[in-house]
Every structure is written in C-alpha cells, then in structure tokens.
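Dear colleague,

Please find below the structure that I am handing over to you. My findings follow directly after it, arranged by topic.

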Amino acid sequence: MKFLLRRSIFYVITAWAAVTINFIIPRLLPGDPVAAIIAKNQGKIPAEAAESLRILFGLDDSLSLWDQYVQYWKLLFQGDLGLSFTFFPTPVADVVAQGLPWTIGLVGISTIIAFTIGTLVGTAIGWRRGTWADSLLPITTFFSTVPYFWLGLIVVAIFSVNLGWFPSSGSYDRGLVPAFDWPFISSVIYYGTLPALTIVLSSISGWILGMRNMMVTVSSEDYVTVAHAKGLSARAVMFGYAARNAVLPQISSFALSLGFIVGGTLIMEMIFSYQGIGYTLYQAVSTHDYPLMQGCFLVITLSVLAANIIADFVYAVLDPRTRQEG
Amino acid sequence: MTSTDTAGAGAPAPAGALVADPVLDIRGLSVDYGFDANPTHVLRDVSLSLGRGEVLGLAGESGCGKSTLAYAATRLLPPPGLITGGEVWFTGRDGRREDVLAMTDARLRQSRWQDTAIVFQGAMNSLNPVFRVGRQIVDGIFAHRPKWSKAQATERAAELFEMVGIAPDRLRSYPHQLSGGMRQRVMIAMALALEPQVLIMDEPTTALDVVMQRQIVEQIAELRDRLGFSVIFITHDVSLLIEIADRIAIMYAGEIVEQGPAQELYRRPRHPYTKGLLSSFPPLRGPKTELAGIPGAPPDLSNPPAGCRFAARCPHALGRCQAVEPELGPTAVPGDATARRVACHLHDGAQPVPLELALTR
C-alpha cells in the first residue's frame, strides 16, 4: 500500500534524526562527566583511573566524531546504551528497563481510563447539550486547573495520611517477591490506585471538553439530521454518526498523550516515590549521569514516535479520507 | 393525480381544501426560534397541503422559512427551533391518518423514512464521511426492516443505485470518492429505499452546476412518474421549479403569500412579491426580459412590521397594508382557478387589481 510505505519512510527519517540529535546534544553540553564521577565518589576513585574511565565510557578523544557516531549506532543496535554512573556499573539499558514497565503500566492504564471515561462522558454531555449535564464541565475543569503537585499532595493527605485507605508511596508491598501472581498484582493495583486517581482527575476534563465540543459541532452536521430522518434509533445516531465522527480529533490527542506517558510523569513519580522512568530521569539529571540521561531521552523520543505511528495508522483505519488510495 | 389542468377546471374542492386527496396536510403550523421570553416567530400559522402524487414547489427568498417548514413538518427542527402550534396530518396508502406532531417518539421513528423521506441541500454533508455509501443505505433499511437479510438489503441498495443511474459497485465507495452530482443521486436513492409516499427535497440542486441540476430534476420527475410518490420541492430558483412542480407555494417572511397551479402562477402572478420573485430570474424559454429584482430586504422577523410584511418593499402598497395583515384567500381576478390563493389587500375587491397582477392570458 502506497500510504503505508510513504508513512514508513517518513518515520524512518524522523527516527534517524531523533537518534542523531540524541547523540549530538550531550556532546555539546559543558562539563566533564569523568570529573563529575570522580568528584562524586570523593576520592574513592584515584585520579589515575580517570583515563581508564574515559575509555570505559567511550569518551576518549582519539576517535573522531564520525567514528563515535558510527560506533553509537552499532551499540544502539546491540541494545547497548553504555553504563550508568549513578548505578555504576549497571548498564543504562537495564536501569531504563527496570523503570519503564512501571511507568507504562501505571500512566498508560490511567491515560486509557481517563480517555475512555472522558470521551464517553463528553459524548453524553455533547449529545444533551444545553441541559444540566453541561454543569459537569466546570467541576472537571477545576481538577485540571489545580496544579498537579498540589492535587497529588492533597490526595495523599486525605486518602493516605488521614483516612489511611491507601499507601502514600511505593509501587508494591516490599514484603512481596515480584512475580506474576495474584498477591503481587493486587498489591501493585492497591499501590497504584492513588497515583492513577490523580492522573485521571487531572486529565479527564480535557477529554470531556474536547469530545463534548466536537459532539456539539458534529451534531449539527447534515448527516446526523439525515440519520435522524432515516428513523435510526437515537443510540445508533449518537454512536454511529455523531460520536463516530467526533472521536477522530480525540484519537490524535490520545496518541500524543500516549507519547508523553513516558516522559511526562516526573512529578507524579516524585510525589508517590514511584519507581518509574520519570524518577530515573530525575536521578540521572541530579547526578550528572549523562549515559542514563541519554538513554532516558532516547526511550522518550522513540515512544513519542511510536505513539505517532500508532495514531497515524489508527486514524487511517477510522477515517477513510486520510487514506489516499490510488 | 392533481395536475395543472384538472385543478383549473376540475371538480370544486371543498371549502378550505385546495387538494382533493392530501397525503400531507399541514395546518396552522407555527415555529419560534429561541427559548427566551422574546422568541422570533419564524413560521406563523402556515397551512399547506400536498396532494397524492403531486410535486409541490415551495419558493421564496433565503430566510423566509422554507426549510424551517420542512424541518418542522418532519419534527427534525434543531434547537433552538420550537414548534408552538399546528398539526401535520399524514394519510397513508391504506387511508390511515396520523398527526406527525402528536406521534410518540417510537412511532415517529417508525414512520420516518417509510412515510416521509428527505433529501437535503448539501449533498456534500448529507453523507457520513466515515462509512461506505452502501452501508448508509442499508442501515436505514435495517432500521425499518429488521428481519431482512444482509444480502437482501444490499440487493435493494444495488437496485436503488441502478434506479438513479449509478453503477452498483459504487456501493463500496466512500462519500469523498464521489462527485457532487453522484452524492446527490446517492441521497435520492437512499431516500427512496423504503418507497416513501412523501419526498421532501430541500434545495436538492443548489450546490450543483446547471447541467447536473437539470439531470437531477428530470430524474426526480421520472422517478415520481414511475413510483408515484409526492414531492415537496424547496428552492429559491422559481424557473427551475416550473420545470418540475405541479403546484407552487410562495413563502415570504414565514408565511405563505400565494399558491396555485405552477404554470398559472408562473405566467400570471397575483401577489406583488411573486411578481418580483419571478422577475428576478431569467426565463428558461421565450424572449429576453430585463431582470428587475426586488428592492430592499426581508423584514427582521424578531421585530416584524405591523400589517403586511411585504408592504415596505411593495410597489402597490395601500394605506391599510401598513396596519392590517392580509389573509390567504381567493384572488379578485375573474376566471382564476379555485385552487389559487393569495394573501394581499389588492385582492379584497375594494379596488381594481393593478394590471400587471391581473393578467388573464
């Protein structure tokens, strides 16, 4: 298919550019990572080791920039992102792999929940525009305008400190051994409830508002009137004609927000001491851990890109006008 | 079937009824826009009958309430439109009579598309862009014939496509893959899916070029002859209307100001507004005439003038036109068909009707 091929080429080029920029930026940053790691260990590493560290981290100046670039790509394909300074000598890939599932699991699921509920509520409100249902909007908008960290702290104060219903931090009961069994999974859900709640609360109004407004716009389209005139049931008109078209812009924003799942949850992970990728990135930045930073950025960039690809193809499936066949 | 000839010379219709066998009888329909204390009266006490098998043309300037009438009569009026009074009697082939405005929602849904189907102005926007056109015809069929098999419904859709001159393999097309004329044909095919008795066409040809307009109009006339449905054809293009309509009703500022057999009304208008409207379009045949147009603009309906609403633009306005509202009644021209009605003080018999509004031949 021509459409798929054209999009694929576009994404290959974008991915190449993203990786290349990811390679260049740390090399433009001021500061010497080796000096930083020696300073961090406060004399535990002798100064003579500096040169070996340089070679270990692939920082020796003997290689030209081009050779470094080629090597970077080679290592990337082997999944080798270098060694983390902070968690020395754990490879960056392992550190990232440890945090990533937690973030994707928690934030991903809450984003999907917020999107689903928000879109359904928006559909209903938009369908009954001008009734009491519209008064739901200011309430949800309130939660999204409250600064996220404040909302997080309030939720912790109420449900964890005062009521004691949920734990205030962590991602599972430390007494359990991570395994794919019910006690562990239920513990993960239990620990994840509060962070998920705050994410849903703070993002749902966007989905409601977006869907509601599109529903109002689409409901006045002629084809919705035609659907009524055809004598279709109200349900069929609402979902098959109005919502089916109103949801299209929602899909693009959903894909974008999926892309931000990986990078955009730093504050949540800090408030709830959640062991996700955002928290990892925060540690990397505060300890000048360049390889880890680079690894995190790479994962974030690629996930945004992947989300875009998914959105593109989902959109093509849902909207025949975007498929330019023939 | 009511045609121009029989209406002119035929049996006298009972008083008040212009049509012997009405399939749709709109009585005293009033529509307001706005829910607040001071709504705009867009339709005021409009009565109109559609005879069985008849093509009724509804003409007037933009914003005079033509489409509102169609939407209100089918209860498709979007908010803030509100039907404030009136009845819309539908008579089925079996003689059953029902007031559309009094139907329950379930009954209304059942009646729609089977009794009355509509073709809208924007062929562009009348089709759901994300579904194949075939599916959109089939879902309408299934809403009323739930026992039909999928193959049966698809076969019916293909049959309809052939009827309007589209290759049945186009059923698998999306709306954006079809031209404007084709889309309008798809809409017509869709509207005829359940063999409705009334087809309301709201400016079905406005977005199309002249050649396509003509083809569509001819097609509708041909289908009407073959299938025997009745049509309310709404347009502002009177010269197009006389090509297809048996009878024409002229609307101005939310009221019907004149109605009568198409050819008579076209050749011998009785209302000054009809006269002005007709002079605004070039005749399709005959000698060239100068296009006059009507000076001024329709009144603001949220603050309508007292008396006749056309008085301010009327070249023949009398003193009482500003004060007393004229009612739809017989014309004052001797020899006019009984089916002719006009709402104008010039025809109340108190003075001779101006010559240009009293042509007899």
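An automatic or database assignment splits chain B into two domains: domain 1 is made up of residues 48-64, 104-114 and 197-360, while domain 2 covers residues 123-195. Please bear in mind throughout that this is a predicted model. The C-alpha centres of domain 1 of chain B and domain 2 of chain B are 32 Å apart. Where these domains meet, 12 residues of domain 1 of chain B are in contact with 13 residues of domain 2 of chain B. On the domain 1 side, the most is given by helix α7 of chain B (residues 210-227), with 6 residues. That side of domain 1 of chain B consists of 10 nonpolar and 2 polar residues, with no charged ones.

I turn next to the contact of chain A with chain B. Chain A brings 20 residues to this contact, and chain B brings 23 residues. On the side of chain A that touches chain B, α9 (222-229) and α10 (234-263) of chain A each supply at least two residues. Of the elements on that side, α9(A) gives the most, with 6 residues. The residues on this side of chain A divide into 7 nonpolar, 7 polar and 6 charged.

Within chain A, one pair of helices deserves your attention. Two packed helices are described by the angle between their axes and the distance between the axes. For helix α5 of chain A (residues 92-127) and helix α12 of chain A (residues 277-286), the angle is about 140° and the axes are 7 Å apart. The angle therefore makes α5(A) oblique to α12(A), as only angles over 145 degrees count as roughly antiparallel. Which residues of α5(A) meet α12(A)? They are Val95(A), Val96(A), Gly99(A), Leu100(A) and Thr103(A), and their partners in α12(A) are Ile277(A), Gly278(A), Tyr279(A) and Thr280(A). The residues of this contact divide into 5 nonpolar and 4 polar, with no charged ones.

Finally, there is a database record to compare with the model. An unreviewed UniProt entry lists several spans of chain A as "transmembrane region", including residues 9-25 and 297-318. In the model, residues 9-25 of chain A are 100% helix and 0% strand, and the end C-alpha atoms of this span are 25 Å apart. Residues 297-318 of chain A are likewise 100% helix and 0% strand, with 31 Å between the end C-alpha atoms.

With kind regards

Key. Residues numbered from 1 in each chain as written. Chains lettered and ligands numbered in written order. Predicted model: local features only at pLDDT ≥ 70, side-chain atom pairs only at ≥ 80, totals over all residues. Contact = placed C-beta atoms within 7 Å. Helix = DSSP H or I, 4+ residues; strand = E, 2+ residues; numbered from the N terminus. Nonpolar A, V, L, I, M, F, W, Y, C, P; charged D, E, K, R; others polar. Axes fitted to C-alpha atoms, helices over the stretch in contact; angles between N-to-C directions. Parallel < 35°, antiparallel > 145°, perpendicular 65-115°, else oblique. UniProt positions renumbered as here; feature names shortened; annotations may be inferred.
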